[in-house]
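User: Please take a close look at a single part of this model, one helix at the boundary between the chains, and set it in the context of its surroundings.

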Amino acid sequence: MTRRVGVTGVGVVAPGGIGAPAFWDLLANGRTATRGITLFDPAGFRSRIAAECDFDPAAHGLDADQVAKSDRYVQFAMVAAREALGDAGLDPEKVDPWRMGVSLGTAVGGTTRLEHDYVAVSGSGARWDVDHRPAGPHLERAFSPSSLASAVAEQVGAHGPVQTVSTGCTSGLDAIGYAFHSIEEGRVDVCIAGASDSPITPITVACFDAIKATSANNDDPEHASRPFDSRRDGFVMGEGGAVLVLEELEHARARGATVYCEIAGYATFGNAYHMTGLTPEGLEMAEAINRALDHARMDGSQIDYVNAHGSGTKQNDRHETAAVKRALGAHAYDVSMSSIKSMVGHSLGAIGAIEIAACVLALVHQTVPPTANYESPDPECDLDYVPRTARPLKLRSVLSVGSGFGGFQSAVALTRTGGRTP
Amino acid sequence: MKTRKARRTVVTGIGVVAPNGTNTEAFWKRTHEGISVLDRVTREGCEQLPLRVAGEVRGFEAAELIEERFIVQTDRFTHFAMAAADIALDDARLGRADYEDSPFDIGVVTAAGSGGGEFGQRELQRLWGQGSTYVGPYQSIAWFYAASTGQISIRGGFKGPCAVVASDEAGGLDALAHAARSIRRGTEAVVVGAAEAPLAPYSVVCQLGYEDLSTRDDPARAYRPFTSDACGFVPAEGGAMLVVEEEQSARRRGARIRAEVAGHAATFTGAARWEESREGLAQAIIGALREADCAPDEIDVVFADALGVPAADSAEALAIADALGAHGRQVPVTAPKSGIGRAYCGAPVLDVAAAVLSMENALIPPTPNVFDVCHDLDVVTGQARPAELRTALVLSRGLMGSNAAMVLRRPTDIQV
């Protein structure tokens, strides 16, 4: 008897609006939340644009102690978890805590506070032998990425397996994938799963400047994130978090919960090629897509929408286009494919979870979010990228794919309940 | 009756880079001799910080082991992981010829507790001391937690499922369990483990926030778990990587089967809530025994978490009693990490390595610097204890609240 995994709650903290309704409103209207960086003074940096969250943790229910202890990315996750639980109508006290897990992804963890306190203890980079005395409280939590899953587990009272997942830019997909496995294989009945990152800090912006991975279209930030467009010039950094309540299907049904959709398949592979480079063939991402579909007992032709990684770098968008063609064959030309990074930027480890949240909402609203700013085709990217305007469409099964530093390639298949081959 | 899992995971290679030895043989020799290598912190820039004692990996020359192009783009924690992976792959006699035609069958899983701290501090210093254009091109791939998994995958040509558990100490066991589950789902082999390098000056500053960090300056007295003198833990560098394989797959290629990864379970009871970790750890042990289809009295040795904090040590002793019943007071318990320190996620993987070597050598290594146990446990102290060992239990808890337990079995019919 296979255990199936339903999505019963969604919570999102994304640029352009906090909460799943505001997030969907942004996507459905094709608005972009990219702008000049305000979180620090970006003068002197190559890329000075980002998709930032206008976020006040107190306004979203976090108390002073939670705010003091938690780095910004942890706060995003806690606010998203709270929304997801409310959306699921799940009272954590009515769940066996030993059968509830937490699986959350992050790529760069507590860099916001780590960098802030580094400046204090080093005299602004004056010394290697730092002085510990100016360090602020709770710095150990910024140092330890497990504080992310730990904080959310304490918030919801989970006593089952609790883990932080960190596979770079596929962290969000992988965290949800691990959670999916943990329910399917019977270790837990409920898993709070998602990802969060707050990378808009000088060190992270500088490290992507150094490899020219980010867009330098500083004069036109609203239109700077241009996945699949011939004039794309890199990704626009984002931040945020998304959390889902995943639940074994019978567990959800027994309590009368609304099941938005199922997580039906997941796979991940490495390209064993390069930490940041991608092969033009997209072999490993295609393999991930195929294995995720196999796991879901689905055929590629059943996929109605591909939520692309679509970061907007030259090589990524080509690689991904090739991978989707390799995996879906002729159907690749029929399927709708879009990148929400055109609107909410690329929030590194968080974006995979934010994109899965977008897939869940797309299934709920039967609408494909668009690729904003897509205007001029690239001959090497010749699929249907749903330019600029959301598309109402009958959606049964969708795919979310991701690609990350380290060479990781992941795919997650989602389907409306009953959308699988019997 | 629980049916046996169809696809079993076995350990076929062990690679260690630890404070007491930069290869597996040296590690085992000093471990079973009970030699403590805890010493004053000597890493550059740490001299004035209040952490006095640690387990440093000394005499490790990355340049002698790893290609230059991989060294320049990685932190010390990844140097350790790459070197340990090489040792494990050599030990398993698993080479490119074995998987050239099936690269998707071999995955890589690591756990990471803090990432590339030394590399990161150097780049932060360039950014804040000189300017943003001085940050180098490798910062984006050296500091993050996924660096070791990515580099091991690329260096070895492993395209199978790659994963990174960015966790507290228990993550080392969770990574192994993740690998075992990957094998159950169809992967043939996984290079898995954890290595850490948390002794860059700024990393040490961050760890000073851990209430349970020992800041004593006498190496013989700084980390003394299960004694009334327990005053916290001493951090360490290093770790271990293992090669684990699907049993039949390993047998087919004639690999030496060292042990079976038989069961695992993980729970969470809150950061630094040591009294509550009693139930969490007991539940983890019970879960791991259940998965291994193992009775409590089959456990021949326990490798303890041994945090060295009175409340935590007490909770662990009680958890062992809760989960193993009367057997809990009789089973030998050891914590070799009191002689090398706690290498965060690397610590329980080193314990797994030690547990496998203990079973092979029929010898339980002792708990260095511990003589006066104040809990109702049979802690092995002083000298190694000869014992026929078929099944070992490894325990780990993390500072952020995770608890994990793993059951390892000696194979019944070792094929050499």
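Analyst: Two residues are taken to be in contact if their C-beta atoms, placed from the backbone, lie within 7 Å. The model is predicted, and every contact described below is computed from it.

The helix in question is H8(A), which spans residues 202-210 of chain A. Of its 9 residues, 8 are buried, so the helix is largely enclosed by the rest of the structure. The buried positions are Pro202(A), Ile203(A), Thr204(A), Val205(A), Ala206(A), Cys207(A), Phe208(A) and Asp209(A). Both chains supply the packing partners of these buried residues: H4 and strand S8 (237-238) from chain A, and helix H6 (117-129) and helix H7 (139-142) from chain B. After the helix comes Lys212(A), with a positive phi near 50°.

The setting of H8(A) is the contact between the chains, in which 67 residues of chain A meet 70 residues of chain B. On the chain A side, H8(A) provides the largest share, 7 residues. Other elements of chain A that give two or more residues to that side include helix H4 (111-121), helix H6 (146-156), helix H7 (171-184) and strand S10 (261-270). By class, this side of chain A comprises 32 nonpolar, 26 polar and 9 charged residues.

The wider surroundings include the largest nonpolar core, which has 299 residues. Among the residues with the most contacts inside this core are Val152(A) and Ala357(A) from chain A, and Ala84(B), Val244(B) and Met406(B) from chain B. Domain 1 (9-252) and domain 2 (263-409) of chain B both contribute residues to this core, so the core lies between them. In soluble globular proteins, nonpolar side chains tend to be buried together. Met406(B) touches, among others, Leu173(B), Leu176(B), Ala177(B), Val352(B) and Val394(B), with residues up to four places away in sequence left out.

The two domains of chain B have C-alpha centres 21 Å apart, and their contact takes 58 residues from domain 1 and 55 residues from domain 2. On the domain 1 side, the elements giving two or more residues include strand S1 (9-17), helix H1 (24-33) and helix H9 (171-185) of chain B. H9(B) gives the most to that side, with 7 residues. The residues of the domain 1 side divide into 32 nonpolar, 18 polar and 8 charged.

Key. Residues numbered from 1 in each chain as written. Chains lettered and ligands numbered in written order. Predicted model: local features only at pLDDT ≥ 70, side-chain atom pairs only at ≥ 80, totals over all residues. Core = buried A, V, L, I, M, F, W, Y, C linked by C-beta atoms within 7 Å. Buried ≥ 20, exposed ≤ 12 C-beta atoms within 10 Å, placed from the backbone. Domains from an automatic or database assignment. Helix = DSSP H or I, 4+ residues; strand = E, 2+ residues; numbered from the N terminus. Nonpolar A, V, L, I, M, F, W, Y, C, P; charged D, E, K, R; others polar.
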